[in-house]
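Take a moment with the sequence and the model below. We will walk from one part to the next and see how the pieces fit.

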Amino acid sequence: MSDHHWPNCAVGDGKHMRVSSRLGEEFTNAMNMLLLLLPGTPLTYYGEEIGMQSIERAAESMLHRSPMQWSAEKNAGFTKSDTPWIPLHTNHKHTNVEAQRNQTSRATPIKMYHSLAMLRQQEYTFIRGKFKYGVVNKNIFSFIRAQESHPSFLIMINFGREESTNNYRTIEGASMPPMGVIQLNTGNFQQKRYEPETRISLGDIRLYPGQGLVIRYYI
């Protein structure tokens, strides 16, 4: 896409199976990481920010349009009427905005979405920065956002079904440093080497399905 065009990016809508149903709940944070850090304007279909899933019992046109799940209260806090005209998903007692905000984990989908939105707002690189593909294979999708006089970012996500270890120092056409600093992760890492603000070698990074990293570096 030329510098004179501005894309709109979306991963879900009311006509197709919700992302968390299509890929699995473990990919919710990964997909939002992709959406919010790509160039252009991200378009979030309501409920994708908390990992809402499609319902199973309703007219086909309504399977992906169930009421927003705000809380564990009656009708998920969506309406005070006796019954919403589209059924609620059965998981609304635990998959809702209030529950995710109150959890101690910083990596619930709603908290991760907020962190990504704040990063996008605070770093000019994500507003006007150039886009370049990084390592792309059957498991990994990665890309670079770079802007002169601002930090560069390498975003890597495992959308596959198996572990993948890759060297991100050899991206064609990009000048990559040996080390970077982790800005954000998707919250599903066990190793401390992937914690935010940890320096990490770009030559050997292992990601399991549903894991993603945002790495800050300078050229």
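**A walk through the model**

Helix H2 gives the most to the lining of the largest cavity, with 3 residues. Keep in mind that this is a predicted model. How many cavities of 30 Å³ or more does the count come to? The count comes to 1. About 40 Å³ of space lies in the largest cavity.

Look at the residues around that space. The lining is made of Val11, Val19, Ser20, Thr28, Met31, Asn32 and Glu48. By type, the lining divides into 3 nonpolar, 3 polar and 1 charged. Two helices each supply at least two of the lining residues: H1 (19-22) and H2 (28-37).

Now stay with H2. Is this helix enclosed or open? In H2, 10 of the 10 residues are buried, so the helix is largely enclosed by the rest of the structure. A residue is called buried when its relative accessible area is under 20%. Follow the helix from its start and you meet Thr28, Asn29, Ala30, Met31 and Asn32, among the buried residues. Met33, Leu34, Leu35, Leu36 and Leu37 are buried too. An α-helix has 3.6 residues a turn, so residues three or four places apart point the same way.

Which residues does Thr186 touch, leaving aside its neighbours within four places in sequence? Its contacts include Asn29, Ala30 and Met33. Those names appeared just now among the buried residues of H2. Thr186 is also in contact with Ala107, Met112, Gly210, Gln211 and Gly212. Thr186 itself sits in the loop between strands S7 and S8. Its relative accessible area is 2%, so Thr186 counts as buried. One of its contacts deserves a closer look. The side chain of Thr186 reaches the backbone nitrogen of Gly212 at 2.9 Å.

Gly212 leads us to the strands. Strand S10 covers residues 212-217. S10 pairs with strand S5 in the antiparallel sense, over 6 bridges. In this pairing, Phe153 stands opposite Arg216 of S10.

S5 runs over residues 152-158, and Phe153 lies in it. How many residues of S5 are buried? The number is 7 of the 7, so S5 is largely enclosed by the rest of the structure. Both faces of the strand are covered. On one side, Ser152, Leu154, Met156 and Asn158 are buried. On the other side, Phe153, Ile155 and Ile157 are buried.

Pick out Phe153 and see what surrounds it. Phe153 is buried, because its relative accessible area is 0%. Setting aside residues up to four places away in sequence, Phe153 touches Glu123, Thr125 and Phe126, among others. Its contacts also include Phe143, Ile144 and Arg145. Further along the chain, Phe153 touches Gln183, Val214, Ile215, Arg216 and Tyr217. Consider Gln183. It is 30 residues from Phe153 along the chain, and the two C-alpha atoms are separated by 8.7 Å.

S5 also has a partner on the N-terminal side of its sequence, strand S4 (residues 140-146). S4 and S5 run antiparallel and are joined by 6 bridges. Here Ser142 stands opposite Met156 in S5. The two strands form a hairpin with 5 residues between them. In that turn, Ser149 has a positive phi of about 70°.

Step back along the chain once more. Strand S3 (residues 130-136) pairs with S4 (residues 140-146), again in the antiparallel sense, over 5 bridges. Phe131 has Arg145 in S4 as its bridge partner. A hairpin of 3 residues joins S3 to S4. Arg145 was also among the contacts of Phe153.

Finish with two loop residues. Asn75 and Glu197 have positive phi values, and neither is a glycine. Phi of Asn75 is near 55°. Phi of Glu197 is about 70°. Where are they? Asn75 is found in the loop between strand S2 (41-43) and helix H3 (97-102). Glu197 lies in the loop between strand S7 (179-185) and strand S8 (199-201). Is each one buried or exposed? Asn75 has 9% relative accessibility, so it counts as buried. Glu197 has 52%, so it counts as exposed.

Note on methods:
Residues numbered from 1 in each chain as written. Predicted model: local features only at pLDDT ≥ 70, side-chain atom pairs only at ≥ 80, totals over all residues. Heavy atoms only, no water. 1 Å grid on protein atoms, 1.4 Å probe; cavity = no way out; pocket = protein on both sides within 12 Å on 5 of 7 lines; lining within 4 Å. Points joined across faces, edges and corners; volume = space filled by probe spheres on them. Helix = DSSP H or I, 4+ residues; strand = E, 2+ residues; numbered from the N terminus. Nonpolar A, V, L, I, M, F, W, Y, C, P; charged D, E, K, R; others polar. Buried < 20%, exposed > 50% of the residue type's maximum accessible area, 1.4 Å probe, protein only. Pairing = 2+ DSSP bridges. Contact = heavy atoms within 4.5 Å. Polar contact = N/O pair within 3.5 Å; in protein donor to acceptor, adjacent residues only side chain to side chain.
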